[in-house]
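Q: Could you take a close look with me at one part of this model? I would like to follow a single strand and its surroundings.

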Amino acid sequence: MFKPFVFAAALSCLTPMVFAQQAVSEIETSEDTFTFIVGAFYANSDSYMNVTNPRDGGIFPLDFEDDLFLEEKHFLPFFEFAWNFNERHHLYADWKSLHRSADSPFVEKSWIFTNPDNDKEYIVEAGAKISTTLDIDILRIGYGYDLFLGDDYNFGASIGVHTMFVKTIFEGEIGICSPTPILQQGHCQDVTANPRVVDNNTTAPLPNIGLFGSYEFLPGWTIAAHAQYFALKYDDVKGSLVDIRASVDAMINENWSLTFGYNYYEVDVDYKQTASAVSIDFHIADYNLNYSFTGPMFAVMYQF
């Protein structure tokens with residue numbers, strides 16, 4: 001994952017912008033404009049969580065794609081809205097959504113989680129059948145200001161907040177065991193149920209900062225890019241985000257444009273996981289979830 005100083009170096013090389021996404025020469029007055037963008041990018045996803053080995057107590061990463069068969073390559077939809085006002089000011093909001101489910105007919109690795117209230121152990125044994133759902137929704141809102149503005153270019157800075165909504169579901173051959181049931185050979189005693197384990201987790205709003213810019217190199221053709229970053233620890237949540245996009249915007253008419261580009265998007269979040277099974281809330285373990293979406297993107301923009 002990118003380090004802060006690497007991000008700073010990348011920002012120093014960026015001169016285009018994402019929020020304008022049109023020739024700045026059109027913004028010669030202080031009239032407000034509104035922009036709606038709908039698009040998708042073809043992403044390679046990587047997500048995992050840290051779980052416990054029931055045989056030796058060691059921690060290892062459980063990969064959602066390799067171990068639980070969630071789709072790795074897919075189209076990720078996104079929606080954006082921007083309000084441009086007083087010539088140099090921008091308010092924006094965007095939403096990304098990644099919902100995936102898969103069935104694992106044969107789990108290769110055993111892993112466990114614990115209810116700290118009653119010390120019961122919950123186990124997924126190697127060879128078990130399990131269905132997995134991992135839904136991720138990411139909402140960002142923010143403000144941008146043009147530091148430099150010309151007839152065919154602009155360059156500015158942004159600040160915003162970022163919230164993630166994560167829903168994880170495990171359903172299938174999950175053993176609910178009596179207190180302290182994990183034996184050295186990794187089996188449960190007195191399995192009482194095969195629960196549906198559901199977790200809904202929302203991160204507190206985390207700040208992000210960034211730079212943006214654009215340059216109209218031909219009439220109706222604009223190079224645009226943005227870069228955003230955050231890294232923060234808040235209560236039980238520690239996270240970071242890197243979002244870098246470069247694109248070419250082609251104006252169709254006064255209101256419509258097409259955008260083609262490439263997006264690197266990575267989120268890494270550590271948090272304490274709570275879940276529910278058979279009306280019991282329990283602590284699964286400390287989660288380390290990493291989402292990496294990298295690939296080409298396409299969008300349609302309407303502005304008025």
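Are Arg-100 and Glu-65 buried or exposed? And what do strand 4 and its neighbours look like around Glu-80?

A: Happy to walk through it, keeping in mind that this is a predicted model. To take your opening point, Arg-100 and Glu-65 are buried. The two residues form a salt bridge, with their closest N and O atoms 2.7 Å apart. Because Arg-100 sits in strand 5 while Glu-65 belongs to the loop between strand 3 and strand 4, this pair ties together parts that are 35 residues apart in sequence.

That loop also holds Phe-69, whose phi is positive, near 70°, although the residue is not glycine. Phe-69 is partly exposed, as its relative accessible area is 42%.

Next comes strand 4 itself, covering residues 73-85. On one side, strand 4 runs antiparallel to strand 1 (residues 33-44), and 12 bridges join the two. Strand 4 also pairs with strand 5 (residues 89-104), again in the antiparallel sense, over 8 bridges. Trp-83 is a handy landmark here: Phe-34 stands opposite Trp-83, and Leu-91 is the bridge partner of Trp-83 in strand 5. Strand 4 and strand 5 make a hairpin with 3 residues between them. One residue of the turn, Asn-86, has a positive phi near 50° and is likewise not a glycine.

Now to Glu-80, which lies in strand 4. With a relative accessible area of 15%, Glu-80 is under the 20% cut-off and therefore counts as buried. Side chains of opposite charge can pair when their charged atoms come close. Here, Glu-80 forms a salt bridge with Arg-245, and the closest N and O atoms are 2.8 Å apart. This pair links distant parts of the chain, since Arg-245 is in strand 14 (residues 237-251) and Glu-80 in strand 4, 165 residues apart. Arg-245 is buried too, at 2% relative accessibility.

Strand 14 brings in another pair: Asp-243 forms a salt bridge with Arg-140, with the closest N and O atoms 2.6 Å apart. Asp-243 lies in strand 14 and Arg-140 in strand 8 (residues 130-149), so this pair ties together parts 103 residues apart in sequence. Both residues, Asp-243 and Arg-140, are buried. They also belong to a network of salt bridges that links Asp-94, Arg-140 and Asp-243. For the overall tally, the count comes to 5 salt bridges.

Note on methods
Residues are numbered from 1 along each chain as its sequence is written. This is a predicted model: local features need pLDDT of at least 70, side-chain atom pairs count only at pLDDT 80 or more; totals for chains, interfaces and linings use all residues. Side-chain values use heavy atoms; hydrogens and water are left out. Helices (H or I, at least four residues) and strands (E, at least two) are DSSP runs, numbered from the N terminus. Buried means under 20% relative accessible area, exposed over 50%, partly exposed in between (1.4 Å probe, protein chains only). Two strands pair if DSSP finds at least two bridges between them. A salt bridge is a side-chain nitrogen of Lys or Arg within 4 Å of a carboxyl oxygen of Asp or Glu.
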